[in-house]
Amino acid sequence: MFEIDQKARRLSEEEKEQYIKKGYVTGLPVFSENAINDLHNWYDELSSKLPPNIDINKTNMWHKASKKFHDLCRTPAILDYVEDLLGPNFVQWGGQFFSKEPKDGSVVPWHQDAQYWPLNPSNAVTVWLAVFDTDEENGAMKVVSGSHKMGQFVHKKNTAKNLVLDQEVSFDQLDDTKIVSLNLKAGQISLHNDALLHGSEANNSNRRRCGVTMRFSPTNVKGNLKIWPFFETQLARGVDEFNLNPIAQIPRGEATPLKMFSFSHEFENKW
Ligand SMILES: O=C(O)CCC(=O)C(=O)O
């Protein structure tokens, strides 16, 4: 879709080991410098379709709504990295933006994704694609290295307006010597485990900050439809030999999710 960085590759054995031990891998090249303008235009085009009263951070399931979003998530260089962690057969079930305009004050509280996701077994890799260069100043995602091996942390509800998510792990529970900022160049990705503690601070810079997240799980993972009735999967690579989940249609055109959770059929008549 966009020009691939010549340095895109497969994960090294050290990176696979790091993912197992520390719960993340970062700085992986995907799109070339020449593609960054295209990536910015892609983001501006998709985000500008939202009505002004809808916060893009409160929308999800873009891969079920928008062909352009879906196609980006099928970039072979991205799927190669995911395959190196999940094996040959995996599905996509989530796709969203984590966006912070300069000084908008929004914060992602410390959390473990698995806390939010009723998946059995709990096994998901998130791809976080940097649309803009991302560092401490503009609120890069931070992780607590190795925290995915420490079980479930206590999450408390916090509905403060500037928080992008509403369940929070208090700072006193985490080992702050293990915090790593996942600084990325636009076009690079990080990968993180669904049990890893992570979050991000406000964007105090004059630069934009946005990550595109794509959630992938192996085909043996089943979503609990009693808790998440809208859980649907799209085969991203390989074969689905288990068929445990409802299938989401591949978008045939452009629609825009206006909320967190939608069935793929809700977008159908908008394509
Ligand atoms: O972009 C961020 O700061 C947080 C992203 C996040 O929470 C996630 O990908 O699960």
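Select V91 and L235 to begin, and you will find that V91 stands opposite L235, which belongs to strand β14. Keep in mind throughout the tour that what you have open is a predicted model. Now widen the selection to residues 234–237, the whole of β14, and to strand β2, and you can follow the 3 bridges that join these two antiparallel strands.

**Along β2**

Next, colour residues 90–100, which make up β2, and ask how many of its residues are buried. The count is 11 of the 11, so β2 is largely enclosed by the rest of the structure; here a residue is called buried if 20 or more other C-beta atoms lie within 10 Å of its own. Then add residues 209–218, which are strand β12, and you will see β2 and β12 pairing in the antiparallel sense over 10 bridges. To look at one of these pairings, pick F97, whose bridge partner in β12 is V212.

**An open sheet**

Move on to strands β3, β11, β6 and β9, which form an open sheet in the order β3-β11-β6-β9, with antiparallel pairing. Which strands stand at its edges? They are β3, at residues 108–112, and β9, at residues 179–181; each has a single partner strand, so one side of each is left without a neighbour in the sheet. If you turn the view, you can compare the directions of neighbouring strands in this sheet, which are turned by 20° against each other on average when direction is ignored. Within the sheet, select β3 together with residues 197–200, which are β11, and trace the 3 bridges over which they pair in the antiparallel sense. There, V108 stands opposite S200 of β11.

**Around the ligand**

Keep V108 and S200 selected, for both are among the residues around the ligand, and add F98, D113, T126, W128, M141, H198, G211 and T213 to complete that group. Three strands, namely β5 (residues 125–130), β11 and β12, each supply at least two residues of this shell. If you colour the shell by residue character, it divides into 4 nonpolar, 5 polar and 1 charged.

**The whole protein**

Finally, select everything and zoom out, so that the 7 helices and 14 strands of the protein come into view. The radius of gyration is 17 Å, close to the 18 Å that the globule rule gives for 271 residues, so the protein is as compact as a globular protein of that length. Its C-alpha trace spans about 45 × 40 × 40 Å along the principal axes, and 43% of the 271 residues count as buried.

Key:
Residues numbered from 1 in each chain as written. Predicted model: local features only at pLDDT ≥ 70, side-chain atom pairs only at ≥ 80, totals over all residues. Pairing = 2+ DSSP bridges. Helix = DSSP H or I, 4+ residues; strand = E, 2+ residues; numbered from the N terminus. Axes fitted to C-alpha atoms, helices over the stretch in contact; angles between N-to-C directions. Buried ≥ 20, exposed ≤ 12 C-beta atoms within 10 Å, placed from the backbone. Rg over C-alpha atoms; globule rule 2.2 N^0.38 Å. Near = placed C-beta within 6 Å. Nonpolar A, V, L, I, M, F, W, Y, C, P; charged D, E, K, R; others polar.
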